[in-house]
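This report is meant for a reader meeting the structure for the first time. Please keep the sequence and the 3D view at hand while reading.

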Amino acid sequence: MKRLLFFAVTLLAISCSKQQVLSPDGHTHIAFRLTQAGAPEYSVIQDGDTLIQWSALGLSCMEQDLTTGFRLMDIDRESRSERWETVWGEEHWIDDRHHEMTVELEHQSGIRMNIVFRAFDDGIAFRYELVPAQSEAEADDRLIILDEATEYRFTADHQAWSIPWRTEYYEGLWTKSPLSEITDTLCSPVTLEMTNDHYAFVHEAALTDYPAQNLYMADGALKTYLTPWLDSTAHVTPVKAYEQMPFVTPWRMVILARSLPEMVASRIMLNLNEPCAIEDPSWIKPMKFIGIWWGMHMKSMTWEQGPIHGATTTNMERYLRFAKEHGIEAVLAEGWNLGWEDWKHFSFTEPYSDWDMDYLSQLADSLGVAIIGHNETGGNAADYEDVLDEAYAYHQKHNIRAIKTGYVSPIIRTKDGLQLNKGQSGVRHYRKVIETAAKYHICIDNHEPVMPTGLQRTWPNLMTQEGVRGQEWNAWSQDGGSPCNHVTILPFTRIMAGPVDYTPGVFAFENPVMPQTRVHSTLTGQLGLFVCFYSPLQMACDLPENYMRHPEAFRFIESVPCDWERSMLIDGRIGEYCIFARQRRGGEDWYIGGITNENARNITIPLSMLTEGKTYSARVYHDDDDADWQTKPYAYVIDQATFTSTDTIRLRMASGGGLAIELKPEN
Ligand code: NOJ
Ligand code: CA
């Protein structure tokens, strides 16, 4: 009896009070409460300032309204402080330090909903765990989710960087506007420049068997709009997800950073994903690659067989030998397989007659260069799923260890009919691809993907993804190509969500087919991208002959790594410029890359990241005084110098320009 009374009193105490969890450094805390009606809410306070005021939580489902009618059952607390090793990444080692609070709720229907909150020093996260009602009579473990009530009620009118939610394949230009002026529904992530000069990054982590999050402004709050299922006529339905309890949702996360370097350094998203599911991932290797690719986008080659077919045995042999000579680990070939005539019926096991797969795979092996395969599905994910095993066995047999996949079609055909690729069905398809590829020791470079959410921690064979208005737009976009500021926005928006296959490295700026369209960059700006844009499969996109017009500048591409020990943003402003420094994984050399928008600028780079007492010999690639992306993109200078950690480098970046520096220790 005494024990029962104690239990009842404890429960009463928990349910009346506000609960909170503090970050390890004590600066940030998440508070939780239930309203009178039993609606769960949270708020976030950092250094005494309320950043997110009481905001709704919960799910509305066909069966039950899980946004209200809850009572608090218990609170569970845990902490983690650990360091884990990445298979590849921007950092070799990542610290996961957080405090966790699980709020256990029971709904009036008997369904249990736990909300797991995590407070990190650099942000917050939470997810829902759904458990079916315990009593036999009430038990039904299905839930059809109509919407998620999650909102982020920021307390000030911050500037938000975003793209609209129906941007095809996320290939759009990001724009900035105050939260109060947002009228569209937006893709997740959204990056906020906060009124107190801090930064927030709102996104999700570990998106698994659930629709991708989108965000819209209503009633003063940023609210969640889950990607809907489509009906048989490809129209939006009210259903967002079909779930079987027990299940967990992806994490909702907000990085809260006091500076831009701190935001870029945040690893919350990876920490929220599960550890590596591949027992021995030693077959997964970061690689730089060239490819039979840019020629098709510039229309000097074709994907389909014909007089200017790109992926021929002769061409591929030339590319493979070029890669070998210049220390590039791999070569991609698009248009090697049957199906490009109608983009509908692709074969992933049958090459065109002018592509000798056996010969090329043996040649690649003997040269020690990898072939990167290409599986464009034209958006037919359902048919692709049917032949996945066969396709990957074929690639494995030919020693192809990475495949670029593609889904060119605004709506894809999944096993569930026509669906948005970021809906639940699309999310399931992409996961199936990654897991099947892992069985065959194949890495994936996914084009037209769902926005990344850090799954590469669990499945490191998911190496890179597009989901960006990439370089290809500078070949054929009717609007003339991406403006200079585009590349200075991406590191703080799209690339915060994960590695990007942007394909930097254009060395020839003339566009004979579309003279009004071009790359808005200087040659040095293209070099800077190799450091500023992170991708463990990093393509140097231009043709070998264009690289050989500037062999001295190409040296930077030859030597820059794509796997890092440490990475940092030295300086930057979203949409204006950025300077990144990264140290080679397992090595001592450092690489610095910079890019700027249409404004030329002088910048100062302190070299304090270098090891004290060591002297570094440097090759510094920078824009010449009269360089300009429009009038003189090829005007670059390469300087040699030595530096120590107490030195500072001062350089000018031209309009649309950049810089690239390689620093190797001498002693
Ligand atoms: C779109 C991809 O983004 C591009 O890289 C590829 O060349 C084409 N689809 C053809 O698959
Ligand atoms: Ca694309």
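The text below describes a sheet, a helix, several strand pairings and a metal site.

The model is predicted, and the values given here are computed from it.

**The seven-stranded sheet**

Seven strands, in the order β30-β29-β26-β25-β24-β23-β31, make up an open sheet whose pairing is parallel. Its edges are formed by β30, which covers residues 462-465, and by β31, which covers residues 537-539, and each of these edge strands pairs on one side only. On average, and with direction ignored, neighbouring strands of this sheet are turned by 30 degrees against each other. Towards one edge, strand β29 (residues 443-446) runs parallel to β30 and is joined to it by three bridges, and here N446 has Q465 of β30 as its bridge partner.

**Helix α5 across the sheet**

Helix α5, spanning residues 313-325, lies across β23 (287-292), β24 (330-333) and β25 (370-376), and its direction makes an angle of about 150 degrees with β23. The helix has 13 residues and reaches 18 Å from its first C-alpha to its last, which is close to the 18 Å expected at 1.5 Å a residue. Its buried residues are T313, N315, M316, E317, Y319, L320, F322 and A323. Together, the buried residues of α5 pack against β23, β24 and β25, and also against the helices α6 (357-367), α12 (544-547) and α13 (551-559). After α5 comes G327, which has a positive phi near 70 degrees.

**Strand β19 and its partners**

Strand β19, made of residues 221-226, is mostly covered, with six of its six residues buried. In a regular strand the side chains alternate between the two faces of the sheet. In β19, A221, K223 and Y225 point one way while L222, T224 and L226 point the other way, and all are buried. On the side of β12 (residues 151-154), two bridges join that strand to β19 in an antiparallel run, with Y152 standing opposite L222. With β18 (residues 213-218) the pairing is also antiparallel and comprises six bridges, one of which has Y216 and K223 as partners. The hairpin of β18 and β19 has two residues between the strands, and within this hairpin D219 takes a positive phi near 55 degrees.

Another strand, β13, has antiparallel pairings of its own, which the table sets out.

| Strand pair | Sense | Bridges |
|---|---|---|
| β13 (159-162) and β14 (175-178) | antiparallel | four bridges |
| β13 and β16 (190-193) | antiparallel | three bridges |

Residue Q159 appears in both pairings, since it stands opposite P178 in β14 and opposite E193 in β16.

**The calcium site**

Which residues coordinate the calcium ion (ligand 2)? The OE atoms of E171, E448, E466 and E472 do so, with E466 listed twice, at 2.4 to 2.9 Å. Along the sequence these donor residues are spaced E-x276-E-x17-E-x5-E. The site has six donor atoms with angles of 52 to 158 degrees among them, and it is irregular. Two of the coordinating residues can also be described by their accessibility: E466 is buried, because its relative accessible area is 1%, and E472, at 10% relative accessibility, counts as buried too, the cut-off being under 20%.

Conventions. Residues are numbered from 1 along each chain as its sequence is written. Chains are lettered from A and ligands numbered from 1 in the order in which they are written. This is a predicted model: local features need pLDDT of at least 70, side-chain atom pairs count only at pLDDT 80 or more; totals for chains, interfaces and linings use all residues. Side-chain values use heavy atoms; hydrogens and water are left out. Two strands pair if DSSP finds at least two bridges between them. Axes are lines fitted to C-alpha atoms, for helices over the stretch in contact, and angles run from 0 to 180 degrees between N-to-C directions. Contact means heavy atoms within 4.5 Å. Donors are N, O and S atoms within 2.8 Å of the metal (3.2 Å for Na, K and Ca); water is not among the atoms, so sites may look incomplete. Four donors count as tetrahedral if all angles lie between 85 and 135 degrees; four count as square planar and six as octahedral if opposite donors are over 155 degrees apart and all others between 65 and 115; anything else is irregular. Buried means under 20% relative accessible area, exposed over 50%, partly exposed in between (1.4 Å probe, protein chains only). The expected span of a helix is 1.5 Å times one less than its number of residues.
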